[in-house]
Amino acid sequence: MKCIRCGHEAYQSVTTEAIEMDGGLLVIRNIPCYKCEICDEVQFTGDVVKQIEKVIADAKKHINEITVVNFLNVA
Ligand SMILES: [Zn+2]
């Protein structure tokens, strides 16, 4: 996969996303992604984006001040 920002090769990695939500902060750890070796741009595949949306939808039902989700446990 190529970086959308600079066109360099992106390598497979994992990342952590913090998402501000009404009522709290959702932190998702161990999200599989592609990271650019030049500019650190992070890209997700379509499947991962869908999974993240699902995690966010679930979290909305029972958000605490800070909710930490391990992506590997929900994917
Ligand atoms: Zn790049």
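In strand β2, Y34 is the bridge partner of Q12, and this pair belongs to the antiparallel pairing of β1 with β2, which runs over 11 bridges. The model that shows this ladder is a predicted one, with a mean pLDDT of 94 for the protein and 100% of the residues scoring at least 70. Confidence is highest in β2, at a mean of 97, and lowest in α2, at 92. Where the chain turns between β1 and β2, the hairpin has two residues between the strands, and G23 takes a positive phi near 90°.

Taken as a whole, the protein has two helices and four strands, and these follow one another along the sequence in the pattern β-β-β-α-β-α. The C-alpha trace spans about 40 × 20 × 15 Å along its principal axes. Of the contacts in the protein with a separation of 6 or more, 61% are made by residues 24 or more positions apart. Buried residues account for 15% of the 75 residues.

The strand β1 (10-21) lies largely in the open, because the number of buried residues among its 12 is one. A10, which is found in this strand β1, is buried, since 23 other C-beta atoms lie within 10 Å and the cut-off for a buried residue is 20 or more. Once neighbours within four places in sequence are left aside, A10 is in contact with M1, K2 and C3, with Y34, K35 and C36, and with Q43.

On β2, the ladder with β1 is not the end of the account, for β2 and β4 also pair, in the parallel sense, over five bridges. Within β4, V68 stands opposite V27. Strand β4, residues 66-70, is hardly covered, the count of buried residues among its five residues being zero.

Which residues make up the largest nonpolar core? The core has 11 residues in all, namely A10, L26, I28, I31, C33, Y34, C36, I52, V55, A59 and F71. Both β2 (24-36) and α1 (46-61) supply at least two residues of this core, and β2 gives the most, with six. Membership of one core does not require that every two members lie side by side, for its residues are joined through C-beta atoms within 7 Å. A10 and I52, which both belong to the core, are 42 residues apart in sequence and 20 Å apart in space, C-alpha to C-alpha.

The helical part of this core can be followed along α1, whose buried residues are I52, V55 and A59. They cover an arc of only 60° around the axis, and they are therefore on the same side of α1. This is what helical geometry would suggest, since an α-helix has 3.6 residues a turn, so that residues three or four places apart point the same way. The buried residues of α1 pack against β1, β2, β4 and α2 (71-74). A59 in particular touches M21, L26, T67 and V69, not counting residues up to four places away in sequence. The face of α1 turned away from the buried side carries the exposed residues G46, D47, K50, E53, K54, A57 and K61. The length of the helix can be checked as well: at 1.5 Å a residue, the 16 residues of α1 should span 22 Å, and the end C-alpha atoms are 24 Å apart, which agrees.

Two backbone angles remain to be considered. Most residues other than glycine have a negative phi. N30, which is not a glycine, nevertheless has a positive phi near 60°, and this residue is found in strand β2. Is N30 buried, partly exposed or exposed? N30 counts as partly exposed, because it has 13 C-beta neighbours inside 10 Å. D40 likewise has a positive phi, of about 70°, although it is not a glycine, but D40 is found in the loop between β2 and β3 (42-43). With 12 C-beta neighbours inside 10 Å, D40 counts as exposed, because the cut-off for an exposed residue is 12 or fewer.

Terms used. Residues numbered from 1 in each chain as written. Predicted model: local features only at pLDDT ≥ 70, side-chain atom pairs only at ≥ 80, totals over all residues. Contact = placed C-beta atoms within 7 Å. Pairing = 2+ DSSP bridges. Expected span 1.5 Å × (residues − 1). Arc of directions from axis to C-beta. pLDDT = per-residue confidence, 0-100.
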